[in-house]
Amino acid sequence: MLLLPISLATALATSACASPSGSTAAPGAGSASAAAIIEASNLPKTIPAPLPDDPMAVTIHRLSNGMTVYISTDREKPRFSAYLPVRTGSRNDPSTSTGLAHYLEHMLFKGTDELGTTDMAAERPHIEEIERLYMELRAAEDDAARQETLTKIDRATQESSKFSIPNELSRLYAQMGIDGLNAYTWLDETVYIADVPSNRLEAWAAVEVERFSDPVFRLFYPELEAVYEEKNISLDSPYRRVNEAMMKSMFPGHPYGTQPTIGLVEHLKTPAYQDMVDYFQDWYGPNNMAIVLAGDIDAETAIPVLEASFGRLPVRKLGTAAPAEVTPMSSRVERVIEAEGETSIVLAWQTVPAKHEDRAALEVLDMLVDNGSSGLLNIALTTTQKVARAGSSPTFVKEAGWWRLSATAKEGQTPEELETLLLGVIDDLKRGSFSDDDLEAVKLADELQFQLELEYPGARVSKMTDAFIQGWDWPDMVASRARLQAVTREDVLRVARQYVGDAYAAVKRIPGSPELPKIEKPTISPVALDPSRKSGFSQRILGMEATPIEPKWLVEGEAFERAEAPSGVLLTAHNERNKLFLVSYRFDVGSWRSPGLCFALDLAQRSGTATKSNESIKKTLSKIGVDISVSCSDHATTVSVSGIDDKMEQGLALVQEWLGQVVIEDEALENAKNTKIGIRNDNLESPRFLGWALTSFGRRGGESAFLHQLSNVGLKKLTRGDVEALSRGLFSYRREVRYFGPRARAEVEPLLLTSEGLGATERREPNRYRRVERPTIYFLHRDVAKSSVSITVPRPPGEEVERASAEVWSSYLSGGMGGLIFQEVREARGLAYSAYAFVSTGSYADDEWFLGGSLGTQGDKTVDALTLMLELLLEHRFDTNTVSVAKAAMEEEFRTGRISPRRIPRKVSSWERAGLSGDPRPARRERTKSLSVDELQAWSDAVVKGDTAPVITVLGNRETVDLEALAAIGEVIEVKPEDLVSW
């Protein structure tokens, strides 16, 4: 018999294990019928000790109620990633309640009969009334009856909210240092996520078992608005609409194709409360769930705690999935999506389910087609600039699989031309236009990617979660890597001919303004929030003992080393895990001071030298397991070289030869110019791009980076000599070099620094932001369902001592779901799906700071959401309770947060650019601990009551955004796309 730990027993003493309202508890784990239910639940085999060939060293355990536990130990930091996957998703939505699994995911953050309420006995009658009213809503025969019922629901929600504590789960977790609280829903899965300090295992387990024991679907009505907003995001996203059309084409008779995860508009308008209760009862049994842990955790410690907590969840007879078959496609199926912006096409073929024996060969096939540099698609279409962009990706789920091939047009290209080009790549594939070296290179790249993923607990839990959802026994999952390495040329050719045939989905994206479904704004009365409310359950959890974890700072000579020479600065950190290296050269030069540099470097990566073709360079890199990437922005350029350590010298020499001796062909140059101009023209129709440009214009005015790019005229004037000189000159600049790998600093220093003096680059001018005397709103009209809003309040450069105030301010307002903005804007009023605020403190000590805010909201709610956001940013009075939560969260981050060794050189680099010497976190921690509410209020007041008013940008639809009401907030200045760029 496993004994309940004393601290856990205290926390759970009064915790109920009832099922949701209206359902009946399933038999307990000790009954004969429970054993039969567990036996029929298709659970993976347990593994008490790691398999000898498993680099993740996974163990798998079973609790007495059938709940499966996966554990992978990694002691790098005193935290563990925790996933709670449920083997159900939108595939199991009722056909008349699509989006239900996703909506339920949202509701399982609302609390229980003990968490999130001050008095469940008083609240319950109102919850039951809301449940009854939603049944009435479904039966409403006309709009008048529907509106009358919605009014009653709103009234009952108000009564219920008198006892509710919105997002107490998030606030509770923040105070214990549990962060990353989130969840996602997809076809076959719903997964709940958290990142937990290793000293909070018992508290986390106690909260989660309460969460899934007796959830209460409070604040159901305001949360509907958040789901509406997500639907608006999908309606405004051409990518999501193309993907939905692709799925409908491939799976017209299966829920994968007919039931989008967010749901259909007609179902979102009339949500089914009882359907959600039934869905929870059908699928959220412990015998259909798992606990997946990776990090500073082990089975000996965890299993007794998990059995004592999660083991109390009652075994549940599971629901029966609606019968559905994947019908093989028999011909090409075409769909057309209209959207502003680029022209593109997606081709997709049905393949195989996740556990099919042909999966490995299909994965290798995909890598041979598109590995980002030397795949058939890359060589044929992107390197040669026959299209603007192209790519491929495979997907494997429980009941099906598909392979997706896509291309984006250059200016003037049609979807039909793109399709012909993509099918030409398929023909090359089937003819076997790849070598044995190509085959071995993609296998090597896959192995290196796996080694990299082992460094991150999040990647580990993701792999274990996939195994549980897809039904893998872990030995088969481990063996899948060997199966991939064993794939032969003949295997690839066979699956290419078998699965990539004439029957496929073709989704064309063409320019246009589609008629999108409208989701009307319901009337939702604000829910009153009281930060002082705490449930008794929450206070018991916070009272549980936890051995404090001491912080660990970065000390030069221990965590990293530094060297300097005429050629630049070197920062190194040691890789003790594997034989991988990463070298990054950072140059303080970009397109601002060197117009055309970014264009030149992009073209250089598609070109060769006098003695080596681009294809031969990329194939050499693939063969030796080295990757080269170039990132160029307005003020900095970074060249990164990574891969197997014993190939580092070869990779470093090759990148400098490549960029330093590049030869540009005239035809390639003209193609690149035309492609760049075509992409720019598409961007001027893209709401997403225009949103970025508008925000930058609002903040920086004429100093916006989008207004300091080479014009189309200037681009056309570039010659071969200009472009070659820009690329060849890069390594003549003094640079900062960052190294992470298994070698000591003394060994790599001669390779990465030289005694040769190099050209210095002038430091960029400090960032300055637009100043206005009264609130000013820059409005850009687009045909969108969702408005994108940004707010900027500039302030002078701050001192290092002020960073603690800035961080507490950001945490207070936007510290996850418990932050003030999420609470007030989304939870209490349902005014936006995304809403957050932050303080930008600049990269350099003399950069100006600014308070920033962001909103994503329905067009007809733009004015209300913006008005509230400004009030919260500019007029809010800080309260002691919420400030205490924010400071507690930051204290736990100081204690348990660790900078990954791979990221240490980059982090130290950022500190040095900000003028700091050494790790600033110890001083920030002490300042945070001593910061009072009055001091925080005074700091905030000094910013928002300074010499400048807020600058606001709104990208929205003038048919839904009330411009007259917007003008009451500030001066409205309408802009056009061409005002935002320098092209």
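Across which strands does helix α22 lie? In this predicted model, the answer is β16 and β17, and the views below start from there.

**View 1. Helix α22 lies across two strands of a sheet.** Helix α22 covers residues 597-604 and runs at about 160° to β16. Strand β17, the other strand beneath this view's title, spans residues 637-644. Most of the helix is covered, with six of its eight residues buried. The buried ones in α22 are Leu-597, Phe-599, Ala-600, Leu-601, Leu-603 and Ala-604.

**View 2. Six strands form an open sheet with mixed pairing.** To find your way across the sheet, follow the order β12-β13-β19-β14-β17-β16. At the edges you will meet β12 (561-565) and β16 (626-632), each of which pairs on one side only. On average, neighbouring strands here are turned by 15° against each other, direction ignored. Within the sheet, β13 (residues 568-574) and β19 (residues 735-741) run parallel and are joined by seven bridges. One place to look is Ala-573, whose bridge partner in β19 is Phe-740.

**View 3. Helix α29 lies across four strands of the sheet: β12, β13, β14 and β19.** This helix takes in residues 745-752, and its direction is at about 145° to β13. Strand β14, one of the four, spans residues 580-587.

**View 4. Strand β10 pairs with both β8 and β9.** Strand β10 is made of residues 401-408, and seven of these eight residues are buried, so the rest of the structure largely encloses the strand. Strand β8 (residues 344-350) pairs with β10 in the antiparallel sense, over seven bridges. Strand β9 (residues 389-396) also runs antiparallel to β10, and eight bridges join these two. A hairpin of four residues leads from β9 to β10. Trp-403 in β10 makes a handy landmark: Trp-349 stands opposite this residue, and so does Pro-394.

**View 5. The largest nonpolar core holds 73 residues.** Which members touch the most other members? They are Trp-204, Tyr-284, Ile-291, Leu-293, Leu-306 and Phe-310. Helix α7 (residues 201-213) gives the most to this core, contributing eight residues. If you zoom in on Trp-204, leaving aside residues up to four places away in sequence, you can pick out its contacts, including Ala-82, Leu-84, Tyr-173, Ile-178, Ala-194 and Val-196. Trp-204 also touches Ile-291, Leu-293, Leu-306 and Phe-310. Apart from this core lies another, of 62 residues, among them Leu-381, Met-464, Trp-472 and Val-495.

**View 6. Glu-136 and Lys-152 meet in a salt bridge.** Their side chains come to 3.7 Å, N to O. The pair links distant parts of the chain, 16 residues apart: Glu-136 sits in helix α4 (residues 120-138) and Lys-152 in helix α5 (residues 143-161). Are these two residues buried or partly exposed? Glu-136 has a relative accessible area of 27%, so it counts as partly exposed. Lys-152, at 30% relative accessibility, is partly exposed as well. Both residues belong to a network of salt bridges that links Glu-129, Arg-132, Glu-136, Glu-148 and Lys-152.

**View 7. Helix α17 takes part in two salt bridges shown here, through Asp-437 and Glu-453.** Asp-437 pairs with Lys-623, with the closest N and O atoms 3.7 Å apart. This pair links distant parts of the chain, 186 residues apart: Asp-437 lies in α17 (residues 436-453) and Lys-623 in helix α23 (residues 614-624). Lys-623 is exposed at 53% relative accessibility, while Asp-437 is partly exposed with a relative accessible area of 43%. For Glu-453, the partner is Lys-463, and their closest N and O atoms are 2.9 Å apart. Lys-463 lies in helix α18 (residues 457-470) and Glu-453 in α17, so this bridge ties together parts that are 10 residues apart in sequence. Lys-463 has a relative accessible area of 24% and is partly exposed; Glu-453, at 23%, is partly exposed too. There are more to explore, as the structure holds 68 salt bridges.

Technical notes. Residues numbered from 1 in each chain as written. Predicted model: local features only at pLDDT ≥ 70, side-chain atom pairs only at ≥ 80, totals over all residues. Heavy atoms only, no water. Salt bridge = Lys/Arg side-chain N within 4 Å of Asp/Glu carboxyl O. Buried < 20%, exposed > 50% of the residue type's maximum accessible area, 1.4 Å probe, protein only. Pairing = 2+ DSSP bridges. Axes fitted to C-alpha atoms, helices over the stretch in contact; angles between N-to-C directions. Contact = heavy atoms within 4.5 Å. Core = buried A, V, L, I, M, F, W, Y, C linked by side-chain atoms within 4.5 Å.
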